[in-house]
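Reader: I'd like a close look at a single part, please. Take one piece of the packing and walk me through it slowly.

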Amino acid sequence: MLVATVAAEFCTRLNLSDDIRELLISGAIVHDIGKTQIPLAILDKPAKLSDSEMELVRTHPRHGYRILQKNPKLDDRIKILALEHHEYLDGSGYPDGKVEKDLCLEVRILTICDIYSALIEKRSYKPPLSHNEAIRILDSMGGKLDQRLLAEFKKIMRPAPGFATVRAKAAS
């Protein structure tokens, strides 16, 4: 839910249409549904994943897309968000190694929101990072992320007072 909250705020601050905002919130809610096909022992592992475990985790976008494809009434753009949220502009992402020209605005936005959320959330294998630490990591990703969007994200996304407390409670 943190990804959906961050995406909603980012879309609002970017003055995107209600349609795009709703699309991104819906996509953020279901973007990781493919992780239901990954064993919990891997998802909750408190240590670094092995290469084979990481390879399995990297199948979750395709699993998610297949799951969402079963609902013909679901907007196809939401299915694409689930499939492409780990793609990077430089082609180094997964599952398909798509590049900048193949990635829509919504995927670019969700990717930034997803990475930021993963960084500031407590995970079984790491403590939560501060807002500033997360921004430094996003900056270090360079050409993997849409730099124009990242510049806007950095200008407008600030943790609200008490956000760290709410975040810590949600993660526990």
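Author: A crossing is left-handed if the near helix is turned anticlockwise from the far one by less than a right angle, and right-handed if clockwise. Helices here are DSSP runs (H or I, at least four residues), numbered from the N terminus. The model is predicted, so local features need pLDDT of at least 70 and side-chain atom pairs pLDDT 80 or more, while totals for chains, interfaces and linings use all residues. Residues are numbered from 1 along each chain as its sequence is written, and side-chain values use heavy atoms, with hydrogens and water left out.

Now the part itself: H7 and H9. Helix H7 spans residues 105-120. Helix H9 spans residues 147-156. They pack at an angle of about 50°, with axes 10 Å apart (lines fitted to C-alpha atoms over the stretch in contact; angles run from 0 to 180 degrees between N-to-C directions). That angle makes H7 oblique to H9 (under 35 degrees is roughly parallel, over 145 roughly antiparallel, 65 to 115 roughly perpendicular, the rest oblique). Their crossing is right-handed.

Which residues touch? From H7 come Leu-105, Arg-108, Ile-109, Ile-112, Cys-113 and Tyr-116. H9 answers with Arg-148, Leu-149, Leu-150 and Phe-153 (contact means heavy atoms within 4.5 Å). By class, the contact of H7 with H9 has 8 nonpolar, no polar and 2 charged residues (Ala, Val, Leu, Ile, Met, Phe, Trp, Tyr, Cys and Pro are nonpolar; Asp, Glu, Lys and Arg charged; the others, Gly among them, polar).

H9 has another partner. H1 and H9 pack at an angle of about 100°, again with axes 10 Å apart. That makes H1 roughly perpendicular to H9. Val-6, Phe-10 and Arg-13 of H1 meet Leu-149, Glu-152, Phe-153 and Ile-156 of H9. This contact holds 5 nonpolar, no polar and 2 charged residues. Phe-153 of H9 thus appears in the contact with H7 and in the contact with H1.

Next, the core. The largest nonpolar core has 36 residues. Such a core is a set of buried Ala, Val, Leu, Ile, Met, Phe, Trp, Tyr and Cys residues joined through side-chain atoms within 4.5 Å, where buried means under 20% relative accessible area (exposed is over 50%, partly exposed in between; 1.4 Å probe, protein chains only). Phe-10, Cys-113, Tyr-116, Leu-138, Leu-145 and Phe-153 have the most contacts inside this core. H1, H2, H6, H7, H8 and H9 each give two or more residues to it. H7 gives the most, with 9 residues.
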